[in-house]
Amino acid sequence: YSLDAGEHNLKWNYEKDDYFGGLGGSDAAWLDDIVFPPHDQVTIIQQQHMDVKDFSFSIMPNPAADKAHVLFNLTEQSDVTIKLIDMHGRVISNIYDQESPQGKYNVTFDVNSLSEGMYMIFFNTGNEQKTGKLMISK
């Protein structure tokens, strides 16, 4: 749609989809057919400071049937531990346990032997801990 001349603030809402088959990767957006008319005014865009956590992680696909991926990004070298835990608090598997340099990771693990139901993924970098849910559906 077109806008009248003048100053406008545009708001954009985004929902993550499964376009790339649930294997994660960087989120992306495409904006097509945007035309900015020429003008002499200089536009300054300021970035807001956002707190960056030591790591981020996600579990995909979720629910999973045969294999699952734990995707994570480290902003600094860390001792990383990833455990699969059942709903009774028992450790089912030590998925990953090693010192890892800064970077992006995709840890794949087999879930074929697991019964259907809810499991927890415990993610620890030594400094911070996060827990995510993994649903197994066959």
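I take a strand to be a DSSP run of E of at least two residues, with the runs numbered from the N terminus. With that in hand I looked up P61 in this predicted model, and I placed P61 in the loop between β1 (55–60) and β2.

**Entry 1: the loop after β1.** I checked the peptide bonds in this stretch and noted that M60 and P61 are joined by a cis peptide bond, with omega at about -15°. I then found that the bond from N62 to P63 is also cis, with omega near 15°, and that P63, too, sits in the loop between β1 and β2.

**Entry 2: the chain as a whole.** I counted seven strands and zero helices in the protein chain, so that, by the DSSP runs I use, the sequence reads β-β-β-β-β-β-β. I noted that 25% of the 138 residues are buried, and that the chain exposes about 11,000 Å², of which carbon and sulfur atoms supply 48%. Among contacts with a separation of 6 or more, I found that 56% link residues 24 or more positions apart.

**Entry 3: the sheet.** Which strands form the open sheet, and in what order? I read the order as β4-β3-β6-β7, four strands with antiparallel pairing. I recorded β4 (91–100) and β7 (129–136) as the edge strands, since each of them pairs on one side only. From one strand to the next, I have the twist at an average of 15°. As background, I keep in mind that strands of a sheet pair through backbone hydrogen bonds, either parallel or antiparallel. Looking at one pair in detail, I found eight bridges joining β3 (residues 78–85) to β4, the two running antiparallel, and I noted that D79 stands opposite E99 in β4.

**Entry 4: D97 on β4.** Is D97, which I located in strand β4, buried or exposed? I entered D97 as exposed because its relative accessible area is 60%, where the cut-off for that word is over 50%. Leaving out residues up to four places away in sequence, I found that D97 touches V80 and T81, and that the D97 and T81 side chains make a polar contact of 3.3 Å. I also looked up D97 against N124, which lies 27 residues from D97 in sequence and 9.4 Å from D97 in space, C-alpha to C-alpha.

**Entry 5: H69 on β2.** I placed H69 in strand β2 (residues 67–74) and listed H69 as buried because its relative accessible area is 6%, which falls under the 20% cut-off. Which side chains have a polar contact with the side chain of H69? I found N106, at 3.0 Å, and T108, at 2.8 Å.

**Entry 6: the salt bridge.** How many salt bridges does a search of the whole structure find? I have one, between the side chains of R90 and D86, at 2.8 Å from N to O. Side chains of opposite charge can pair when their charged atoms come close. I then checked D86 for burial and entered D86 as buried because its relative accessibility is 9%, again with the limit set at under 20%.

Key
Residues are numbered from 1 along each chain as its sequence is written. This is a predicted model: local features need pLDDT of at least 70, side-chain atom pairs count only at pLDDT 80 or more; totals for chains, interfaces and linings use all residues. Side-chain values use heavy atoms; hydrogens and water are left out. Buried means under 20% relative accessible area, exposed over 50%, partly exposed in between (1.4 Å probe, protein chains only). Contact means heavy atoms within 4.5 Å. Accessible areas come from the Shrake-Rupley method with a 1.4 Å probe; for residues, only the protein chains shown count as cover. Two strands pair if DSSP finds at least two bridges between them. Axes are lines fitted to C-alpha atoms, for helices over the stretch in contact, and angles run from 0 to 180 degrees between N-to-C directions. A salt bridge is a side-chain nitrogen of Lys or Arg within 4 Å of a carboxyl oxygen of Asp or Glu. A polar contact is a pair of N or O atoms within 3.5 Å; within protein, one must be able to donate a hydrogen and the other to accept it, and residues adjacent in sequence count only if both atoms are side-chain atoms.
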